[in-house]
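Welcome! Take a moment to look over the sequence and the model, and then let us walk through a few of its parts together.

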Amino acid sequence: MTGGARSPDLVDRAGTGDLHALRGRLTGGLVLPGDADWDDARRAWNLAVDQRPVAVALVESVEDVVKVVEFAGERGLRIAPQGTGHGASALAVLDGSILVKTSRLRGVEIDAGAARARIEAGALWEDVVVPAAEQGFVVLHGSSPDVGVVGYTLGGGMGWLARSRGLAANSVTAVELVTSEGRFVRLDSGNEPDLFWAVRGGGGSFGVVTAIELELYPTPELFAGAMFWPLERAGEVLRSWRGWAETVPHEVTSVGRILHFPPLPDVPEPMRGQSFVIVEAVFVGSEADGNALVAPLRELDPAADTFAAVEPTALQHLHMDPPQPVPGVGDGLFLERLPDEAIGAFVQNAVPPLISLEIRQLGGAMASSAQHHGAVGTLDAEYVMFAVGMAPNPEIAAAVHEAVDRVKAGLAPWESARTYFNFAERQVGGARLYPLKTYTFQRLRKIRATHDPAEMFVSNHPIPSAAVIDTARIASAPLFANLPTAELEELAGAMGEAEVDAGTEIITVDESGSTVYLIEAGEAEVIGAGGPSPMALGTGDTFGEIGLLLTEGKRTATVVARTPMQLLALSEPDFERIRQKIPEFERSLRSLGLERSSR
Ligand SMILES: Cc1cc2nc3c(=O)[nH]c(=O)nc-3n(C[C@H](O)[C@H](O)[C@H](O)COP(=O)(O)OP(=O)(O)OC[C@H]3O[C@@H](n4cnc5c(N)ncnc54)[C@H](O)[C@@H]3O)c2cc1C
């Protein structure tokens, strides 16, 4: 997509001998194919993922990370940072990549006076939750104790306190990171604010994080638990839960789910091999108030009920996530709404080989932008769904994949255009991870272009580096030849900003609402190295992003092609077709609550 993407050819030049030289320079380990511990080293938490990098660096210090990054930079290799491999299924093929595992960096320092924790990159949530609780604090961890703090937080991080306290990414006070140039930086609101903004929701595209600093919250009273009903009551219970969830205060974060417990020895006897519909919830408040809040759920006469006042460390186990690595295939989506029909579709498709299907209520603090937030300010849907099954071999993996697809297809009428970074277990176009009406994705791409233009870092959901289109290339098209420099620069700035699925109507509106991109098809001229040449754009073509710059009623239209990222100039008939679309375009703007700007 970008001119700077690394070619696998470059990798061959690195040679194994060279990698052996790197091994000698690290205090941690470097494991290569053929080494006795190769399979252990390359294994991800998700055992269904077969990771085949050129080497695995088991870094033990910032210096190790710097050396690996410098080495990769000199040889055109890529770097895939990984804490645990919980998010490994969405990672690209690791050809030509060094997998940088941070699992040996698990130090955690709690500064009770400042209510901050400094957490090294390989720490798991349980490494933080326990010492924080001992000092009277809670952290914004998720459902599983062995998920990595860094991977979870860079993707947003939605946990049991999310409706009351927001996303983990917005509780980050500083990030220590090694850039693609091998520079070690501490990012905070005063130092490299753009990069600091980008990593808090933009994922692992911007550098190797070596440590993260998080805000701690004084431990509140907590009331939490789960209620279980027989699976046959799934529709009725989930409808009641949805009705209840929509009345409770933001201090309640809850999940409605269907769980088919596998017939495995690790699963306790009463649950083993059984299926249930379950409501799990955490209430930040007293036991008495909690009991009053869950009373309507108790009226549904659950078969089991574990709700009680709990210690903060108990929240890690409430969701019953697997306590050790497992092979899994799953995926998620945001739901705009959860009407009865959506619950019906969910229940109908919640069958084995899927094991767990859950719907988490969003809203509360996740729906309003935290002050000084990062790239993921809010999650703006009402619910998020995630479905997963065990995938011990490729045949079962394929069956689970299909079952996940059936759940998603059943919920498609209520699906939001955006999807949740951390619950997307397949790679999605980065534009889908951020709200359409904001400039977030474009800003992330520009920051990537500044800090990692050649795309050294491999992330589970990569942010492509923005194409840098120089004004001379734009001016070489007759259409733009007479534009004043300021407008040429504006055009160059607008290029490469939108990346969307063909067929989508409104793509993005910048913060002032002045630029809207439409998908179109037609004839266009491609400006390539040799100058402009004609090209046809068809429906469903990967070409097809049209930016209309609204300049005083006169059209300056540009098309940005997705693959390869090039500037296309439209011919006069295309302008005419676009002009005819203006009323529709303005209606769409108004429906977004925006006025067309005149500049
Ligand atoms: C059982 C389970 C429970 C989960 N529960 C929740 C939940 O409650 N809420 C929620 O929001 N999500 C949840 N998730 C999703 C989880 O947050 C993501 O899978 C997340 O990416 C995991 O982070 P990790 O570091 O453990 O995984 P990894 O696979 O190690 O990392 C994922 C990505 O993060 C980036 N990354 C990791 N470390 C670094 C680093 N040092 N520097 C730069 N980039 C880095 C990389 O791009 C990497 O590809 C859950 C996942 C599972 C499997």
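Which exposed residues does the face of helix 10 turned away from its buried side carry? Keep this question in mind as you read the next section.

## Two sides of helix 10

Please note that this is a predicted model. Helix 10 covers residues 340-349, and its buried residues are Ala 342, Ile 343, Ala 345, Phe 346 and Asn 349. Around the helix axis they take up an arc of only 160 degrees, which means that they sit on the same side of helix 10. In general, an α-helix has 3.6 residues a turn, so residues three or four places apart point the same way.

And the face turned away from that buried side? The exposed residues there are Glu 341 and Gln 348.

## Around the ligand

Now turn to the ligand, which has 34 residues around it. The closest are Gly 83, Thr 84, Gly 148, Met 158 and Tyr 420. Two of these names come back when we look at polar atoms: a polar side-chain atom of Tyr 420 is 2.6 Å from an oxygen atom of the ligand, while a polar backbone atom of Met 158 is 2.8 Å from a ligand nitrogen atom. Arg 360 also takes part, with an N or O atom of its side chain 3.0 Å from an oxygen atom of the ligand. On its own, the ligand has 950 Å² of accessible area, and the protein covers 95% of this.

Which elements give two or more residues to this shell? They are strand 3 (78-82), helix 5 (149-154) and strand 10 (208-215). Helix 5 gives the most, with four residues. Sorted by kind, the shell holds 14 nonpolar, 18 polar and two charged residues.

## A glutamine in strand 3

Strand 3 is also where you will find Gln 82. Is Gln 82 buried or exposed? With a relative accessible area of 7%, Gln 82 is buried, because the cut-off for buried is under 20%. The side chain of Gln 82 has a partner too: a polar contact of 3.0 Å joins it to the side chain of Gln 51.

## Helix 12, mostly covered

Our last stop is helix 12, which is made of the 12 residues 440-451. At 1.5 Å a residue, helix 12 should span 16 Å, and this agrees with its end C-alpha atoms, which are 16 Å apart.

How many of the 12 residues of helix 12 are buried? Nine are, so the helix is mostly covered. Among them are Phe 441, Leu 444, Ile 447 and Ala 449, and also Arg 445, Arg 448 and His 451.

Terms used. Residues are numbered from 1 along each chain as its sequence is written. This is a predicted model: local features need pLDDT of at least 70, side-chain atom pairs count only at pLDDT 80 or more; totals for chains, interfaces and linings use all residues. Side-chain values use heavy atoms; hydrogens and water are left out. The expected span of a helix is 1.5 Å times one less than its number of residues. Buried means under 20% relative accessible area, exposed over 50%, partly exposed in between (1.4 Å probe, protein chains only). A residue is near a molecule or strand if one of its heavy atoms lies within 4 Å of it. A polar contact is a pair of N or O atoms within 3.5 Å; within protein, one must be able to donate a hydrogen and the other to accept it, and residues adjacent in sequence count only if both atoms are side-chain atoms. Accessible areas come from the Shrake-Rupley method with a 1.4 Å probe; for residues, only the protein chains shown count as cover. Ala, Val, Leu, Ile, Met, Phe, Trp, Tyr, Cys and Pro count as nonpolar, Asp, Glu, Lys and Arg as charged, and the others, Gly among them, as polar. The arc is that of the directions from the helix axis to the C-beta atoms.
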